[in-house]
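Student: Can you walk me through this one? I'd like the overall layout, then some detail.

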Amino acid sequence: MAEKQVMVVGIDDSTFSWYALEWTLDHLLCPANDDPVFKLVLVYAKPSVTSTAGLVVGPGVTDAFPLVDAELKRTTAKIVDRAKELCTKKSVKNPIVEVVHGDPRNVLCDAVEKHHASILVVGSHGYGTLKRAVLGSVSDYCAHNAHCNVMVVKKPKTKQ
């Protein structure tokens, strides 16, 4: 039996990420198929305490680290649980879920290498040129640096 191709999907706590995961589960991992083409790997890049707190390490500042770390652990658990629940709801069995500390751009590209993925799926925040230049774009970085196909799933804009 041939080994399954690997699909890595980047997840975080944004609506864009959840839309991309749900779209992927609905369109690329056919639940009616008992033997899907892809092995699913969900990857969450957990930020560090210092990057989340936006703090410079110094006297008295490190007192906040345990509180920030506890909140990061709660957030991570919620993200992982929600992703697993969504997979179960969509009849996708046995996803691999990894939590890795680091910048999402590097974490996702490293996951592609580690798992020899044939496709990486990421959501898009839909930033314009200026915001993308200032904040950086995970999807843009991955599209240029991941050693596999990259699918950027865009959430449709709501009409008002």
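Tutor: Here is the overall layout, followed by one strand and its neighbours. This is a predicted model, where local features need pLDDT of at least 70, side-chain atom pairs count only at pLDDT 80 or more, and totals for chains, interfaces and linings use all residues. Residues are numbered from 1 along each chain as its sequence is written, and side-chain values use heavy atoms, with hydrogens and water left out.

Student: How many helices and strands does the protein have?

Tutor: Six helices and five strands. These are DSSP runs numbered from the N terminus: helices are H or I with at least four residues, strands are E with at least two. From the N terminus on, the order is β-α-β-α-α-β-α-β-α-α-β.

Student: Strand 4: mostly covered or not?

Tutor: Mostly covered. Strand 4 spans residues 119-124, and five of its six residues are buried. Buried means under 20% relative accessible area, with a 1.4 Å probe and protein chains only. Across the protein, 34% of the 160 residues count as buried.

Student: Which way does strand 4 run against strand 1?

Tutor: Parallel, with three bridges joining strand 4 to strand 1 (residues 5-11). Strands pair if DSSP finds at least two bridges between them. Val9 stands opposite Val121 in strand 4.

Student: And strand 5, how many bridges to strand 4?

Tutor: Six, also in the parallel sense; strand 5 covers residues 149-154. There, Met151 is the bridge partner of Val121.

Student: New topic. What share of contacts comes from residues 24 or more positions apart?

Tutor: 78% of the contacts with a separation of 6 or more. Contact means heavy atoms within 4.5 Å.

Note on methods. Buried means under 20% relative accessible area, exposed over 50%, partly exposed in between (1.4 Å probe, protein chains only).
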